[in-house]
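This tour proceeds selection by selection through the structure shown below. Please keep the viewer open and follow each stop in turn.

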Amino acid sequence: MNNFIAGYLPLFDIYLIHLGLAFSQYIVLRAGVFSLATAAFAGIGAYTAGIFAVSLGLHPAIGLLAGTLTGMGAAIVLSIPLARLQGVYQAIATVAFIQICLSLNIYAEGLTGGAMGLNNIPKTIGTGTLFVFAALATYLIWAIERGRLGRAFNTIRQDEAVAASLGISITRHQMLAFAISGALAGLFGGLEAYHSYALDPNQFGFHLLITTLSYVILGGRNSVVGPLVGAAILIILPELARPLAENRMVIYGIMLIVVINYLPKGIADTAIDAVRARRLKNGGDGS
Amino acid sequence: MSTLKLTNLSKRFGGVVASEDVNIEVPAGKIIGLIGPNGAGKTTIINMITGMLAVSGGEIHVGDIDITHAPAHEICRAGLARTFQNIRLLGEATVLENVMIGFHRHETSATLAAMLGLPSAGRETVEIKERAQVMLKEFDLQDFADYPATGLSYGHQRKVEMARAMAAEPNFVLLDEPIAGMNNVESDALAEVFQRLASAGKGVLLIEHNVRFVAKMCSYVYVLDGGRLISQGTPDHVLSDPAVISAYLGDQQYA
């Protein structure tokens, strides 16, 4: 039994890291910003943390803090031009931002190791630490969701004219969502750096973008449970389909298509809606 | 008591004149009507007042405060609330949540407290929920609190939107065709609500197609046609004005 758990521990570690990234993606979508820049912020945070440890030999706590702050700073800067764009244009601009970060990373060979990546990062983060940070991130998202900010984000996402007419500052709230997204991505990028010995520039490219977006789309966009469920399914599923070897990504793709078509709100949100509708119906019968 | 005052307000879309030199005053505690045929520019005026359209010329004041070029969310904070011609409720939210968001401008908990879910933020949420429930009761909507807002009947949706606007506790309310598509019973119920607002000291600007309803509700009426005011005065005066009759029914030679 112990062997069994030990065998799956790395998978659980990946889940915890990707959960943070999924929440980073989730919070911007929640506030009505169609940004896909999470992968770039994660890269910025990871490399900052990695360089702090490798080149400067600083304590991991400082590295993580630096990763979080640089992720957040990049997000705040990016949010200024992005506020002028809408919808798909935001998506395209953020994809371009990911490519820019990737290119800069490869050019800045002296600092980042270029295409060879950043190696020999001391592994200082284990499952326990990851679990604590993932739990904190979940709490943060949950707290935002049920308070004033969650209500404002929801309104902006659904109807900007209504939001403005009720006194909600759209630019301020979207910048805040962006800052949170950047900080979360930077933090979990930093955790990834201290957890995996080495960083590769392509790790934070288009593939990570698709992965984090899939977690949120599959799980659900409107409740904290969505990313929790989405990341769990998409990380476990390829493992279950291991006998299919090379073809297992096909299963991944088919499942996304099925879910997007039949459960457009995502698995968790659809389930929550069903429970609510049922409660309402039963309540109606009672009265 | 303050007044909402539009001075020589103009809006041009390129060469198209949507409003020109419009002067309107909405004193506190009064219901003021704004009527006009389709395309007269009524909604344009509301959109300019609420900051959703940039003003091309003229000024808008609430009391002494100039809100002509203020961004939309600050105008709400100056004490203005509106409803929309085509009802705009949040489709993914319940009736209660739709009204709760109306209280946004009175939420004071610190951003950090709201982010970290500190007790102060939690208390505020509970308090706003209670106030929203009271508001729903005032509009006789308490039984629908947990229903998805867009699943309600048309008349009820109108009331939810009204409750949401009232939650902001405005001094001035801009109603864009609030009784369009309603039957008499529903519109009478709303008429009572409007009267209550006015007697509570709020200034109400009522935009309507339904001339009879406006005549019944308003103490003073402005008539807009082609972006210009063509008449103003008491309902009786305005409705017998030949300029108004020809704007609504066409010129006599064609009638």
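**Helix 9 of chain A**

Begin by selecting helix 9 of chain A: at 1.5 Å a residue, its 26 residues should span 38 Å, and the end C-alpha atoms are 37 Å apart, which agrees. The model in view is a predicted one. Next, display the surroundings of helix 9 of chain A: 23 of its 26 residues are buried, so the helix is largely enclosed by the rest of the structure. Just past helix 9 of chain A, select A:Y197, whose phi is positive, at about 70 degrees.

Now add helix 3 of chain A, residues 60-82, to the selection of helix 9 of chain A, residues 170-195. The two axes come within 7 Å and cross at roughly 145 degrees. This crossing of helix 3 and helix 9 of chain A is right-handed. Colouring the contact by residue class shows 14 nonpolar and twelve polar residues, with no charged residues.

**A loop in chain A**

Move to A:N120, in the loop that links helix 5 (109-112) to helix 6 (127-146) of chain A. Most residues other than glycine have a negative phi. A:N120, however, is a residue other than glycine with a positive phi, near 60 degrees. It counts as exposed because there are 10 C-beta neighbours inside 10 Å, and the cut-off for exposed is 12 or fewer.

**Where chain B meets chain A**

Show both chains and select the residues in contact: 29 from chain B and 23 from chain A. On the chain B side, the elements giving two or more residues are helix 2 (72-77), helix 3 (95-102), helix 4 (111-116) and helix 5 (119-138) of chain B. Helix 2 of chain B gives the most, with four residues. Coloured by class, the side of chain B that touches chain A has 13 nonpolar residues, eight polar and eight charged.

**The two domains of chain B**

Hide chain A and colour chain B by its domain assignment: domain 1 comprises 1-79 + 170-255, and domain 2 comprises 89-165. The C-alpha centres of domain 1 and domain 2 of chain B are 28 Å apart. Select the contact between them, to which domain 1 of chain B brings nine residues and domain 2 of chain B six residues. On the domain 1 side, helix 2 and helix 7 (184-199) of chain B each supply at least two residues. The residues on that side of domain 1 of chain B are six nonpolar, one polar and two charged.

**Two single residues in chain B**

Select B:N171, in the loop between helix 6 (154-167) and strand 7 (172-176) of chain B. Which residues does B:N171 touch, leaving aside those up to four places away in sequence? They are B:S2, B:A28, B:G79, B:K202 and B:G203. B:N171 counts as partly exposed, because 17 C-beta neighbours lie inside 10 Å. To place B:N171 against another position, add B:G226: the two are 55 residues apart in sequence and 29 Å apart in space, C-alpha to C-alpha.

Finish at B:D21, which is found in strand 2 of chain B, residues 16-27. Its phi is near 50 degrees, a positive value in a residue other than glycine. Is B:D21 buried, exposed or partly exposed? With 15 other C-beta atoms within 10 Å, B:D21 is partly exposed.

Note on methods. Residues are numbered from 1 along each chain as its sequence is written. Chains are lettered from A and ligands numbered from 1 in the order in which they are written. This is a predicted model: local features need pLDDT of at least 70, side-chain atom pairs count only at pLDDT 80 or more; totals for chains, interfaces and linings use all residues. Two residues are in contact if their C-beta atoms, placed from the backbone, lie within 7 Å. Ala, Val, Leu, Ile, Met, Phe, Trp, Tyr, Cys and Pro count as nonpolar, Asp, Glu, Lys and Arg as charged, and the others, Gly among them, as polar. Axes are lines fitted to C-alpha atoms, for helices over the stretch in contact, and angles run from 0 to 180 degrees between N-to-C directions. A crossing is left-handed if the near helix is turned anticlockwise from the far one by less than a right angle, and right-handed if clockwise. Domain bounds come from an automatic or database domain assignment. The expected span of a helix is 1.5 Å times one less than its number of residues. A residue is buried if 20 or more other C-beta atoms lie within 10 Å of its own, exposed if 12 or fewer, and partly exposed in between; C-beta atoms are placed from the backbone.
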